[in-house]
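User: Please take a close look at a single part of this structure, and then work outward to what surrounds it. I would like one connected account rather than a list.

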Amino acid sequence: MTLMSARVANMRDSVAVTPSEAYVDFATDTATKPDLKKSLADATPDDARTNLGNTWWVMAILGHLWVFNIAAILGLTYLKCFVMGPVQGYEWVLWNDSCWWKLGLLMPLPYTLICFIGIALPFKTPNPAKYDSMKKRRLDNLYILTVTKGDNREAVQRAWNAHKHLEHMHPAVRVHVLTDEPYFFEGINCYTCPKNFSTTHSKYKARALEWYRQTMRFSEYDWVLHLDEESVIDDESVQRVIDFIQHEKEFHFGQGIILYNQYKYWSNWFFTVADALRVGDDVSRFALQYGYFHRPVFGAHGSFLLTNGLVENAVTWDLGSLTEDYQFAMKAWDHGFRCGKICGIIREQSPLDLVGFMKQRRRWYVGVRRLPMLLPKIWTFFWTLGLLSLASFITSTILGFRFHIGTPYWMALLTDFNFATFLYLYLIGIFLQDLDKRVNPLLMLARLVITVPLTIVASFLEGGSVLYGILFPPADFDVIKK
């Protein structure tokens, strides 16, 4: 056994579960609960906590926002198409020459329709009152796992300090940090994947997760909440994760909403607005997936991924993909596992620079495109068509000054619907993040106004990242600085 393996073994023993009959949620004959006295976590005073948020209000508003969502998107579409249409030169004709270079503007329609359906349907939130009469699913261990390479000591310590007190919320909660050798940190519940551990396919993060899975020997009563290095989850959301585990018994994995307002929020306007679309995506397209389909038809995020031990052991992390989270979810679906929506929030941060932003998007695009399943290839095909839409926008803008030809109303209606949906997804993303940060309403309004023109820049950033992925696909996993 290597020195690092010995360290890990000692850590494993130090947080082992011990028999107990005190916790009523466990079966009395096989009851187990973590021995909190042996954990390296300690209580954190309320005024020193960094995992703060406004989860209850965000979820409450989302639960009643669906009618407004419909009115806002359709209203903006009507206003731009029929009220402002004559000013923009819209015409009641079936076809004209400008349609040839404007056809690309229709390419985002499949995506915007999916998002519109997702955001127009009620955002399902659980009713805690019904839980009182329900038998709880057994929960032995909930591992809140921060996964990091480990070379950013500040980020590791920041994640540990944000979460260590969570072990005192519930007897099953364990807070762990997973790193790669040689990065081992004393004084925290650190698990370090040895250099000599090998798998058939996986590398980097997936390899470390596979080692962790084998080391922890999960059972069907164990759950893992996967977090990225910069991810922070608040107490309210942890309780909602526990509620999901104990009461949503038909699901064996799930996800919630990810915000990008934890660190350096609005320090770079362009990246903040660009990531606002991801928030809008979570409350529309992914809300449709987790709240209604209960199957990962659109994939999954790598952070805020809650998995049951049965799923971990059936799928494993020996996957060999640039987007191991997406592949994991698809293989879990193949095994018959269903997914659900967790009405909670984690908070992260946007990339710090343009290179990091483009490498991040490039990895997603290329990683999903390379997956050997049909659905990922369909979605990346439409993702690629976004480049055609961007080119059509540029062409239409330039040629519009040379050829004064109007747009047929049928085409204008569809392109304006795309515009309204995209704009609303950006705006709702900023609104929810500001609401979570308890931003002054006047400042929130100013930011919403600023967001409108910045969405154009964000669209070019996203399109440029896709082109970057096509021309210079990554040879390996890119770890960006945050």
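Analyst: In this predicted model, helix α12 covers residues 285-293, and seven of its nine residues are buried, so the helix is largely enclosed by the rest of the structure. The buried positions are Arg-285, Phe-286, Ala-287, Leu-288, Gln-289, Tyr-290 and Gly-291. These residues pack against two helices, α6 (109-120) and α11 (269-282), and against two strands, β9 (253-259) and β11 (339-347). Just after α12, His-294 has a positive phi of about 60°.

One residue of α12, Tyr-290, also belongs to a nonpolar core. The largest such core has 70 residues, and those with the most contacts inside it are Leu-62, Leu-142, Leu-225, Val-241 and Leu-306. Helix α17 supplies the largest share of that core, with nine residues. Apart from it lies another core, of 32 residues, and Tyr-290 is among its members, as are Phe-197, Tyr-212 and Ala-300. In soluble globular proteins, nonpolar side chains tend to be buried together.

Leu-62, from the 70-residue core, touches Phe-123, Ile-257, Val-283 and Leu-432, leaving aside residues up to four places away in sequence.

Leu-306, also named for its contacts in the 70-residue core, sits in strand β10 (residues 305-308). Leu-306 and Asn-308 point one way from this strand, Leu-305 and Thr-307 point the other way, and all are buried. Strand β9, one of the elements that α12 packs against, pairs with β10 in the antiparallel sense over three bridges. Within that pairing, Gln-255 stands opposite Leu-305. Strand β7 (residues 222-227) also pairs with β10, again in the antiparallel sense, over four bridges. From β7, His-226 stands opposite Leu-305.

Next come the aromatic side chains. A search of the whole structure finds 26 aromatic pairs. In one of them, Trp-92 and Tyr-409 have ring centres 4.1 Å apart and planes at 20°, so the pair is stacked. This pair links distant parts of the chain: Trp-92 is in the loop between β3 (90-91) and α5 (98-102), while Tyr-409 is in helix α17 (residues 409-436), 317 residues apart. Trp-92 is exposed, with a relative accessible area of 71%, whereas Tyr-409 is buried, at 8%. Another stacked pair is formed by Phe-244 and Phe-251, at 6.1 Å centre to centre and with 10° between the planes. Here Phe-244 is buried, with a relative accessible area of 3%, and Phe-251 counts as buried at 5%. Trp-92 and Tyr-409 also belong to one aromatic cluster, together with Tyr-78, Phe-82 and Tyr-90.

Charged side chains lie over aromatic rings as well. Lys-80 is over the face of Phe-419, 5.4 Å from the ring centre. Arg-158 is over the face of Tyr-263, at 3.8 Å from the ring centre.

A last position to check is Ser-396, in helix α16 (residues 374-402). Ser-396 has a relative accessible area of 14%, which is under the 20% cut-off, so this residue counts as buried. Leaving aside residues up to four places away in sequence, Ser-396 touches Trp-101, Lys-102 and Leu-105.

To return to the starting point, α12 is largely enclosed by the rest of the structure, and its buried residues pack against α6, β9, α11 and β11.

Conventions
Residues numbered from 1 in each chain as written. Predicted model: local features only at pLDDT ≥ 70, side-chain atom pairs only at ≥ 80, totals over all residues. Heavy atoms only, no water. Buried < 20%, exposed > 50% of the residue type's maximum accessible area, 1.4 Å probe, protein only. Contact = heavy atoms within 4.5 Å. Phe/Tyr/Trp six-rings, centres within 6.5 Å; stacked < 30°, edge-to-face > 60°. Lys NZ or Arg CZ within 6 Å of the ring centre and 35° of its normal. Core = buried A, V, L, I, M, F, W, Y, C linked by side-chain atoms within 4.5 Å. Pairing = 2+ DSSP bridges.
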